[in-house]
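Here are a few notes to read alongside the model, for someone meeting it for the first time. Keep the structure open and follow along point by point.

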Amino acid sequence: DMSNTMLIATSNAGTQQIQNSFAAGLTPVQVKTVLLEQVLPTLFRPEFVNRFDNVVVFTPLSFAEVVQIAVHLLEKLQQQLLAEKGITMEIEPDAVVELAKQGFDPLYGARPLRRAIQDTVDDALAKLMLSQQLGRRDTVILKPGAVMEVKKAVSL
């Protein structure tokens, strides 16, 4: 019995047309109309499209939103480092903006940002830990250019 079930289907159908429409200054409602009237009928049979109660068009991420996502991802990394390794991480605001620029791609959303953080920050932290330059109770500061400055903890 599926009477109380909601199915959500995602698709990249019409992505380029959606990007072009937003770039041309159309509102989300106008983009949805273009999508339903011009794009989806060329990609799917009418019987399939008519099965959906609603179509939601997601707007591309702005740079400010990507910066917010970068802050969130880095805060999550800070918490993980502290909880699992006993390492404090400080992040300079310019480093966040730099990572956001590196990972900003309106076409692919936040995935390139996650990769940018993995490729720069995660890899640099792993190298510091493996080389034993960074350990429990130490503080690492993320600076622009993916530079990691380590402040060693005071000996007990």
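1. Let's begin with one residue, Thr 139, which lies in strand 2. Bear in mind that this is a predicted model. Is Thr 139 buried or exposed? Its relative accessible area is 16%, and the cut-off for buried is under 20%, so Thr 139 counts as buried. Setting aside residues up to four places away in sequence, Thr 139 touches Thr 88, Glu 90, Glu 149, Val 150 and Lys 151.

2. Now for its partner across the strands. Thr 139 stands opposite Lys 151 in strand 3, and Val 140 has Val 150 of strand 3 as its bridge partner. Strand 2 covers residues 139–143 and runs antiparallel to strand 3, with five bridges joining the two. The hairpin these strands make has three residues between them, and there Gly 145 takes a positive phi near 85 degrees.

3. Zoom out to the sheet. It is an open one, made of three strands in the order 1-2-3, with mixed pairing. Strand 1 (88–91) and strand 3 (147–151) are the edge strands, each pairing on one side only. On average, neighbouring strands are turned by 25 degrees against each other, direction ignored. Which helix packs on this sheet? Look for helix 6 (residues 111–130), which touches strand 1, strand 2 and strand 3. The direction of helix 6 makes about 40 degrees with that of strand 3.

4. Back in strand 2, have a look at Leu 142. With 1% relative accessibility, Leu 142 counts as buried, because the cut-off is under 20%. Leaving out neighbours within four places in sequence, Leu 142 has a long list of contacts: Leu 74, Met 89, Glu 90, Ile 91, Glu 92, Ala 95, Leu 99, Val 121, Val 147 and Met 148. Lys 127 is 15 residues from Leu 142 in sequence, and their C-alpha atoms are 14 Å apart.

5. Several of those names come up again in the core. How many residues does the largest nonpolar core have? It has 23, and the ones with the most contacts inside it are Leu 74, Met 89, Val 121, Leu 125, Val 140, Leu 142 and Met 148. Helix 4 (63–85), helix 5 (93–102), helix 6 and strand 2 are the elements that give two or more residues to this core. Helix 4 supplies the largest share, seven residues.

6. Met 89 is a handy residue for tracing how this core is put together. Not counting neighbours within four places in sequence, Met 89 is in contact with Leu 77, Gln 78, Leu 81, Val 121, Leu 125, Val 140 and Leu 142. Another core, of nine residues, lies apart from the largest one; among its members are Ala 13, Ile 18, Phe 22 and Val 57.

7. Finally, turn to the first two helices by number. Helix 1 (residues 15–23) and helix 2 (residues 28–43) pack at about 145 degrees, and their axes are 10 Å apart. The crossing of helix 1 past helix 2 is right-handed. On the helix 1 side, the contact is made by Gln 17, Ile 18, Ser 21 and Phe 22, while helix 2 brings Pro 28, Val 31, Val 34, Leu 35 and Val 39. What classes of residue make up this contact? Seven are nonpolar and two are polar, with no charged residues.

Technical notes:
Residues numbered from 1 in each chain as written. Predicted model: local features only at pLDDT ≥ 70, side-chain atom pairs only at ≥ 80, totals over all residues. Heavy atoms only, no water. Pairing = 2+ DSSP bridges. Helix = DSSP H or I, 4+ residues; strand = E, 2+ residues; numbered from the N terminus. Axes fitted to C-alpha atoms, helices over the stretch in contact; angles between N-to-C directions. Contact = heavy atoms within 4.5 Å. Left-handed = near helix turned anticlockwise from the far one by under 90°. Nonpolar A, V, L, I, M, F, W, Y, C, P; charged D, E, K, R; others polar. Core = buried A, V, L, I, M, F, W, Y, C linked by side-chain atoms within 4.5 Å. Buried < 20%, exposed > 50% of the residue type's maximum accessible area, 1.4 Å probe, protein only.
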